[in-house]
Amino acid sequence: MEYSPKLALLFALSSVMAAAVVTAQNSPQDFVDLHNAARAEVGVGPVSWNDTVAAWAQDHAETHRSDCELKHSQEDEPYGENIYGGAGGGASWSAADAVNAWVSEKAGYDYGTNTCSIDACGHYTQVVWRNSTAIGCARVVCDSGDGLFIICNYYPPGNYPGESPY
């Protein structure tokens, strides 16, 4: 196949556009908007982006870039935490995939009894925790290229036993 400057330019432009789409689906505002949509459904005030919380999330996500293990950070951290992703799932999951997965746990949350009818709903209750006012999230593609690690941290943290999220 002969080199074509027009074809090379077209390929370069399409690559840049594809990267822009992925980045646009994972911006701080994307994470904030997705959280605030779920919070509005239950009458909870919005969260805003916090660079300090985001730096914490980024540091933790970076620790799993090489192993792609879906592990929570330390127990003594100052923030609430939700994680998503893992190895073998590809690298195209977005902020929407993560937040929608966490919010889907709403189906198993019983507000009247403040309990979960499924294995877990703590991701959902952290998303809508009424006292959390700030979030910071990070998304890193694992070194293998076939997985990623998405994390959101929340300040102040939520999910205190016996307390209702809203």
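Me: Happy to look at this one together! In strand 6, which residue is the bridge partner of glycine 86?
Reply: This is a predicted model, so keep that in mind throughout. Strand 2 and strand 6 pair in the antiparallel sense, over eight bridges. Within that pairing, the bridge partner of glycine 86 in strand 6 is leucine 148.

Me: Staying with strand 6, which residue there stands opposite asparagine 82?
Reply: Strand 6 covers residues 147–155 and is joined to strand 2 by an antiparallel pairing. Opposite asparagine 82, in strand 6, stands cysteine 152.

Me: In what order do the four strands of the open sheet lie?
Reply: Strand 1 (48–49) and strand 2 (80–87) are the edge strands, and each of them pairs on one side only. Strand 5 and strand 6 are joined to each other by eight bridges and run antiparallel. The pairing of the sheet is mixed, and its order is 1-5-6-2.

Me: In strand 6, which residue is the bridge partner of valine 140?
Reply: Strand 5 spans residues 134–141. Eight bridges join strand 5 to strand 6. For valine 140, the bridge partner in strand 6 is phenylalanine 149.

Me: Which glycine takes a positive phi in the hairpin of strand 5 and strand 6?
Reply: Strand 5 and strand 6 run antiparallel. Their hairpin has five residues between the strands, and a positive phi near 80° there belongs to glycine 145.

Me: How many of the nine residues of strand 6 are buried?
Reply: Buried here means under 20% relative accessible area. On the other side of the pairing with strand 6, strand 2 has six of its eight residues buried, so strand 2 is largely enclosed by the rest of the structure. Strand 6 is likewise largely enclosed, because the number of its nine residues that are buried is eight.

Me: What angle does the direction of helix 4 make with that of strand 2?
Reply: Strand 2 is one of the edge strands. Helix 4 (residues 95–103) packs on the sheet, touching both strand 2 and strand 6, and its direction makes with that of strand 2 an angle of about 120°.

Me: Now for helix 3: within what arc do its buried residues fall?
Reply: Helix 3 runs over residues 51–62 and reaches 16 Å from its first C-alpha to its last, close to the 16 Å expected. The buried residues are Val53, Ala54, Ala57, His60 and Ala61. They line one face of helix 3, because seen down its axis they fall within an arc of 125°.

Me: Which exposed residues does the face of helix 3 turned away from its buried side carry?
Reply: The buried residues of helix 3 are covered by elements including strand 1, strand 2, strand 5 and strand 6. The face turned away from that buried side carries the exposed residues Asp51, Thr52 and Asp59.

Me: Which residue caps the N-terminal end of helix 3?
Reply: The cap rests on a side-chain oxygen that lies 2.8 Å from the backbone nitrogen of threonine 52. The residue that caps this end of helix 3 is asparagine 50.

Me: Is glutamine 58 buried, partly exposed or exposed?
Reply: Glutamine 58 is found in helix 3. Leaving aside neighbours within four places in sequence, glutamine 58 is in contact with Ala138 and Val140. The side chain of glutamine 58 also makes a polar contact with that of glutamate 62, at 2.7 Å. Its relative accessibility is 28%, so glutamine 58 counts as partly exposed.

Me: Turning to helix 2, what relative accessibility makes asparagine 36 count as buried?
Reply: Asparagine 36 sits in helix 2 (residues 28–41). Beyond neighbours within four places in sequence, asparagine 36 is in contact with Pro46 and Val47. Buried means under 20%, and asparagine 36 qualifies because its relative accessibility is 17%.

Me: Within what arc do the buried residues of helix 2 fall?
Reply: Helix 2 has 14 residues and reaches 20 Å from first C-alpha to last, close to the 20 Å expected. Its buried residues are Phe31, Val32, His35, Asn36, Ala38 and Arg39. These line one face of helix 2, because seen down the axis they fall within an arc of 160°.

Me: Which glycine takes a positive phi just after helix 2?
Reply: The face of helix 2 turned away from its buried side carries the exposed residues Ala40 and Glu41. Just after the helix, a positive phi of about 75° is taken by glycine 43.

Note on methods: Residues numbered from 1 in each chain as written. Predicted model: local features only at pLDDT ≥ 70, side-chain atom pairs only at ≥ 80, totals over all residues. Heavy atoms only, no water. Pairing = 2+ DSSP bridges. Helix = DSSP H or I, 4+ residues; strand = E, 2+ residues; numbered from the N terminus. Contact = heavy atoms within 4.5 Å. Axes fitted to C-alpha atoms, helices over the stretch in contact; angles between N-to-C directions. Expected span 1.5 Å × (residues − 1). Buried < 20%, exposed > 50% of the residue type's maximum accessible area, 1.4 Å probe, protein only. Arc of directions from axis to C-beta. Polar contact = N/O pair within 3.5 Å; in protein donor to acceptor, adjacent residues only side chain to side chain.
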